[in-house]
Amino acid sequence: MAEEKKLFKVTIDNITVEVEPGTSILNAARMIGGEIAPPAMCYYSKLKGSGGKCRTCLVEVSAGSTADPRPMPKLVASCRTNVMDGMVVKNITSERVQDARKGVVELLLINHPLDCPICDQAGECHLQDLSYEHGAEGTRYEFPRRTFEKHDLGPYIQLHMTRCILCYRCVFTADQLTNKRVHGVLDRGDHAEIATYIEKALDNDFIGNVIDVCPVGALTDKTFRFKNRVWFLKPEDAHRDCPKCSGKVTLWYRGDEVFRVTGRKDQWGELHDWICNECRFEKKKTSDWVIDGPTKISHHSVISANHYVDTVKPHETLPEVMGGRNPRLLMDIHDVSEVNKPNIDLSKIPGPAHSTDFKKGNTKSEG
Amino acid sequence: MGRKLLLEKAHVPGIRNYDVYRREGGYRSVEKALKTMSPDQVTEEVKKSGLRGRGGAGFPAGMKWSFLAKPEGVPRYLVCNADESEPGTFKDRYLMEFIPHLLVEGLIVASYALGSNKTFIYIRGEYAWIVDILEQAIAEAKTNGFLGKNILGTGFDCEIYVQRGAGAYICGEETALIESLEGKRGNPRIKPPFPAVKGVWDCPTVVNNVETIAAVVPIINITGEEYAKIGVGKSTGTKLISACGNINKPGVYEIDMTISVEEFIYSDEYCGGIAHGKRLKACIPGGSSVPILPANLLLKTAKGENRMMNYESLSDGGFATGTMMGSGGFIVLDEDQCVVRHTLTLARFYRHESCGQCSPCREGTGWMEKILKNIEYGKGKKSDIDLLWDIQRKIEGNTICPLGDAAAWPVAAAIRHFRDEFEWHVQYPNAAQNRNYGLAHYADPLPIATAPKA
């Protein structure tokens, strides 16, 4: 048995944790969790060498370590800076960080098309979350936005370069999962783009994972494009015996139909396991899969709208006001419809309710 | 007349060839270092000389050498940064073109000190003809036993290779240079690890500017202590300044850092005054990335002292009233130059040269250029000036490599010192298309030690 490893004490936003040497500030902050974890658009814990590019995870180091307590002069990228023993980090408690992060978000958005209403990523887009949480409500950018021609990346993957924030995640994915990377970053500066140079299909059993690692809607699933909004879908964990990959996936249902298959993601939006193209694009029948149960979705996510877990209903005040009598119409009219059929629970209907749901003799949703 | 160490023999006919260079005392330092000194002694000598990196940052070269990790069984590399692409800087070109053997000689000594058996010169792609000159010099040195196996019978092996870049300013940043040298896309690496620990092919590497390497030769020849006596304070030795712009005698000058800026511009020995008898308006003393200064702050510091041509004096007053020595690209603007247009040119350059890896620089440089273009062409708004200031503030310090800072500083300095001129452009867009703002009050003596306008 080796000697017990010495743990490093690091204080982030006045909360102290002990982490192993070699942990990045970002991962230490993720151990604390919540708002203290800086946002990360380009860092991906499963991709070696990723991170440091988007600059949204900048934090202030107000004391370098116990041995050398000088503060670092510049804000540092928390995803690529390792903790030292006795380091003191300020993230949400630092105005400088908040200001810089707001600036980075503004700069990330000046050339983003903001076409969320027609973008398939909307609802599970990291850039969307980031701009809601850290961005300004308006932009000061008054010039035409940068646009790109669409590139065709084969039968499964659509590249919409205009939305790309050049996080390099898909480049690292192709580098580390496939034996030959055929796409990369061309040109430099603000006209840099992800491309295959000569139009070429990405053809590898695991290349579909670039869709899952893409933080924005630049790489989308062609088999799912424009089929549905993610928040109308119900994710279910499922698995199958796959000779190529772990076979552990999330199925996205609407009604009985599987609209798409993705890898399982953790609370930071990162995949647990890489999955193969066959699982992702070919197996779209429930009969292909063994269902493990509903996927846990954070109640902050729009995907969990209409199927909240553990929510507390507001206190009913009407009987009090009315001297103990119950009103004819209840506040939760949107939850249980008393008007037409009280036994229909709207929240249990897959997708939005239609008039057909209330027609007499319709037994579909009464079960 | 200042003392010359680097360019002393530059005008000897045929100095480009080995025979003449050797006859003029060349390669003495190689003989001295390899035969009579240990590698650590050479490093020690460079430390004593106080030589500071001549590429722009001014980091002490001896210190950099001593940081080099020396694990057993891992090769170490010396890389000479000849990717001189800073607008206004052309001193390395002059050095390599006229006395290439000085660089080769310096490289052999430095390689010996650092234990590098494979040394690279990474030269910018546009210097195509200099590659031939350097390769000829390397071949001549090899024929005469100064390169290759067992140099001068001391058992030290060294080869020098010249690698051409492909025309990117960013490859002058040391980690981007290393990436490019390895054959990859020239994106700067995220530090740490520093090149001294993990550089070329993950081996310990030192990257030095051409002029720094060349300065090693006189240091070994006259000893570090003697070298340190030239100059003032921490600015030791001589520095090559490439002067350009509206001056009578543009060119490369070697100065010993004891002269004042005023003398450098007006004396006949150096720039020879402003061309066509015009008046001095502004100057960028260290290459395009360093802050621009108006004439009054350029010649006198905020304390009222004469500003001298050395690292400390030029940066006196911080960015509020000072600037930087940088790489020595001395750009002079006369009274008919438009600072707005000038800033636009620089912003366009940085937008074009941003590698696009990290977001503040990729997006911010383009935005600044567009706003400056509007102001210059009479479509600007008053709020644009504050917006520019805010954008540069969001870029500076938040990027992976110094290019973000280099793009932000010229814009910041131009607004800091020449806000009136920006406002004039916004207020009188039509007049701004037809005439210049002129010298205005930029040469007026400043009240001593008052805070300038923010």
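**Notes on the two-chain model**

1. Starting with chain A: among its contacts with a separation of 6 or more, 61% are between residues 24 or more positions apart. Keep in mind as you read that this is a predicted model. Chain A has seven helices and 14 strands, and 36% of its 367 residues are buried.

2. Chain A comes in four pieces: domain 1 covers 8-103, domain 2 covers 111-226, domain 3 covers 228-311 and domain 4 covers 318-358. Have a look at where domains 2 and 3 of chain A meet. Their C-alpha centres are 21 Å apart, and the contact involves 14 residues of domain 2 and 18 of domain 3. On the domain 2 side, you'll find five nonpolar, five polar and four charged residues.

3. Chain B is split into three: domain 1 (18-229), domain 2 (235-334) and domain 3 (339-434). Here the C-alpha centres of domain 2 and domain 3 are separated by 23 Å. Nine residues from domain 2 of chain B and twelve from domain 3 of chain B make the contact. The domain 2 side of this one has seven nonpolar residues, two polar and no charged.

4. Now for the place where the chains touch each other. Chain B puts in 24 residues and chain A puts in 26. On the chain B side, α15 (339-353), α16 (359-376) and α17 (382-395) each bring at least two residues. The top contributor on that side is α16(B), with eight residues. By class, the chain B side has eight nonpolar, nine polar and seven charged residues.

5. The largest nonpolar core holds 203 residues, and the members touching the most others are Val79(B), Cys80(B), Leu95(B) and Val109(B). Helix α18 (residues 403-427) of chain B gives the most to this core, namely twelve residues. There is also another core apart from it, with 16 residues, including Cys245(A), Val249(A), Val258(A) and Ile275(A).

6. Cys80(B) is worth clicking on. Leaving out residues up to four places away in sequence, Cys80(B) touches Leu107(B), Phe120(B), Ile121(B), Tyr122(B), Asn208(B), Val210(B) and Ile213(B).

7. Next, a helix pair in chain B. Helix α3 (residues 39-49) and helix α6 (residues 100-114) pack at about 115°, and their axes are 7 Å apart. The crossing of α3(B) past α6(B) is left-handed. From α3(B), the contact uses Pro39(B), Val42(B) and Thr43(B), while α6(B) offers Val109(B), Tyr112(B) and Ala113(B). That works out as five nonpolar residues, one polar and no charged. You've met Val109(B) already, among the core members that touch the most others.

8. Last stop, helix α8 (residues 174-181) of chain B: how many of its residues are buried? Eight of eight, so to speak a full house. They are Glu174(B), Thr175(B), Ala176(B), Leu177(B), Ile178(B), Glu179(B), Ser180(B) and Leu181(B), and you'll notice that Glu174(B) and Glu179(B) are on that list of buried residues. The cover over them includes four strands of chain B: β1 (76-82), β2 (116-123), β4 (156-164) and β5 (205-209). Just past the end of α8(B), Gly183(B) has a positive phi of about 95°.

Terms used. Residues numbered from 1 in each chain as written. Chains lettered and ligands numbered in written order. Predicted model: local features only at pLDDT ≥ 70, side-chain atom pairs only at ≥ 80, totals over all residues. Axes fitted to C-alpha atoms, helices over the stretch in contact; angles between N-to-C directions. Left-handed = near helix turned anticlockwise from the far one by under 90°. Contact = placed C-beta atoms within 7 Å. Nonpolar A, V, L, I, M, F, W, Y, C, P; charged D, E, K, R; others polar. Domains from an automatic or database assignment. Core = buried A, V, L, I, M, F, W, Y, C linked by C-beta atoms within 7 Å. Buried ≥ 20, exposed ≤ 12 C-beta atoms within 10 Å, placed from the backbone.
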